[in-house]
Amino acid sequence: MSELHKFLFEGLPVRGVLVRLTDSWQEILRRRQAAGGYPVEVMHMLGEMTAAAALMQSTIKFNGALILQIFGDGPVKLAVAEVQPDLTLRATATVTGSITPGSSLSELVNVNNLGRCAITLDPKDKLPGQQPYQGVVPLFGDRHEKLENLGEVLERYMLQSEQLDTRMILASDGKVAAGLLIQRLPVKGQGNLQGQIDRDANEDQIGVNEDYQRIAMLAATLKREELLTLDAETILRRLFWEETVLRFEPATPSFACSCSRERVSSMLRSLGTDEIEGIIAERGKVGVGCEFCGAQYEFDPVDAAQIFTSPGSQLPPAPTVQ
């Protein structure tokens with residue numbers, strides 16, 4: 001079963017999160033099999049993204065979805081991992097070109113250094129006119145060198161967004177997607193990726209807290225094979241056996257998709273009557289598949305007409321999933 005463990009170091013301004021996605025990650029991959037599955041290189045990247053999104057969602061106080069996206073100019077045009085406040089999650093990637101075996105992160109999404117990483121916080125209960133919060137960072141470093149480690153990309157994002165030192169170790173294979181996050185606690189404020197923090201106070205502590213530096217160095221010794229194969233108890237004991245670690249009750253991430261016939265109807269409505277009627281005239285119906293879970297939604301001419309009919313005069317909807 002998937003697990004997420006949050007912990008603190010007693011007396012130190014440092015927190016940590018360890019996530020191991022097993023059944024939830026395997027369900028994401030299983031649902032993709034009908035479409036041929038992912039190349040192994042894409043699978044590894046998407047698994048790391050999913051683990052990272054779970055880590056980041058667990059550190060914020062926010063009632064909404066955290067959406068991690070990577071997009072660029074390589075054969076992977078877009079990869080998305082989305083995690084809800086209850087740690088239900090989903091992920092998908094769009095592959096439009098051939099993948100060379102052993103391709104690195106830059107070869108997948110950042111061939112000409114145009115790749116970007118975006119993190120969006122989408123509130124569940126939006127106020128009138130409220131827009132999701134989004135931050136974007138490039139997939140290159142200070143000297144425009146291509147970054148090949150997703151954890152390093154997100155560390156830079158957290159430093160820019162929250163002014164907080166962060167160490168993130170990620171790994172993924174066909175059975176497990178896992179990650180370890182170590183972060184210096186904010187001096188003031190919640191540090192919730194929305195700018196509701198004392199940026200100046202936190203910035204003054206960047207790179208100078210010796211306790212964080214020591215813990216981060218210990219975390220960096222964690223090997224990929226250990227992160228993928230060892231249980232949380234063993235990992236924390238091996239890394240931090242000299243520290244007093246205060247652990248919280250573990251949480252259980254799970255797979256869930258938020259797609260629905262109502263959402264698909266709203267999307268089709270936004271295309272307009274002419275577009276939908278043109279599709280029906282050509283194909284006899286409108287079919288939409290969910291990229292995350294594989295659910296198929298079909299609308300015949302009567303269903304499509306109801307999309308553009310006022311709610312009070314609509315007929316009962318057809319079965320949702322074909």
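In the predicted model, helix α1 passes helix α2 in a right-handed crossing. Helix α1 comprises residues 23-32 and helix α2 residues 40-58; the two pack at an angle of about 135 degrees, with their axes 11 Å apart. Angles that fall outside the ranges for roughly parallel, roughly antiparallel and roughly perpendicular count as oblique, and α1 is therefore oblique to α2. From α1, the residues W25, I28 and L29 take part in the contact, and they meet M43, L46, G47 and T50 of α2. Sorted by class, this contact of α1 with α2 contains 5 nonpolar and 2 polar residues, and no charged residues.

Helix α2 also packs with helix α4, which is formed by residues 150-162. The axes of α2 and α4 come within 10 Å and cross at roughly 30 degrees. Because angles under 35 degrees count as roughly parallel, α2 and α4 are described as roughly parallel to each other. Here too the crossing is right-handed, with α2 passing α4. On the side of α2, the contact involves M45, E48, M49, A52 and M56, while α4 contributes L150, L154, Y157 and M158. The contact of α2 with α4 has 8 nonpolar residues, no polar residues and 1 charged residue.

These helices belong to a protein with 11 helices and 13 strands. Of its 322 residues, 49% count as buried. Among the contacts between residues at least 6 apart in sequence, 64% join residues at least 24 apart.

Strand β9 offers an example of a buried position. The residue L181 is found in this strand, and L181 is buried because its relative accessible area is 0%, where buried means under 20%. When residues up to four places away in sequence are not counted, L181 touches R15, G16, V17, L55, T59, T166, R167 and M168. The C-alpha atoms of L181 and E155 are separated by 9.5 Å, and these two residues lie 26 residues apart along the chain.

Strand β9, formed by residues 177-184, is also among the elements that cover the buried residues of helix α8. Helix α8 spans residues 232-239, and its buried residues are A232, T234, I235, L236 and L239. The covering elements further include the strands β1 (3-9), β2 (14-21) and β10 (245-247), together with the helices α6 (210-219) and α7 (224-229). At the start of α8, a side-chain oxygen of D231 reaches to within 3.0 Å of the backbone nitrogen of E233.

Two neighbouring positions, L87 and T88, were examined in the region of strands β4 and β5. L87 is found in the loop between β4 (76-83) and β5. Although L87 is not a glycine, its phi is positive, at about 70 degrees. The relative accessible area of L87 is 8%, so this residue is buried. T88 is found in strand β5, which covers residues 88-95. With a relative accessibility of 14%, T88 likewise counts as buried, since the cut-off for this class is under 20%. The side chains of T88 and D86 are joined by a polar contact of 2.7 Å. Apart from neighbours within four places in sequence, T88 is in contact with E82, V83, S254 and A256.

A positive phi is also found at H144, where the value is about 65 degrees although the residue is not a glycine. H144 lies in the loop between β7 (133-138) and α4.

An exposed position is provided by R283, which is found in helix α10, formed by residues 273-283. R283 has a relative accessibility of 59% and therefore counts as exposed, because exposed means over 50%. R283 and D300 are 17 residues apart along the chain, and their C-alpha atoms are separated by 9.8 Å.

Note on methods:
Residues numbered from 1 in each chain as written. Predicted model: local features only at pLDDT ≥ 70, side-chain atom pairs only at ≥ 80, totals over all residues. Heavy atoms only, no water. Helix = DSSP H or I, 4+ residues; strand = E, 2+ residues; numbered from the N terminus. Buried < 20%, exposed > 50% of the residue type's maximum accessible area, 1.4 Å probe, protein only. Polar contact = N/O pair within 3.5 Å; in protein donor to acceptor, adjacent residues only side chain to side chain. Contact = heavy atoms within 4.5 Å. Axes fitted to C-alpha atoms, helices over the stretch in contact; angles between N-to-C directions. Parallel < 35°, antiparallel > 145°, perpendicular 65-115°, else oblique. Left-handed = near helix turned anticlockwise from the far one by under 90°. Nonpolar A, V, L, I, M, F, W, Y, C, P; charged D, E, K, R; others polar.
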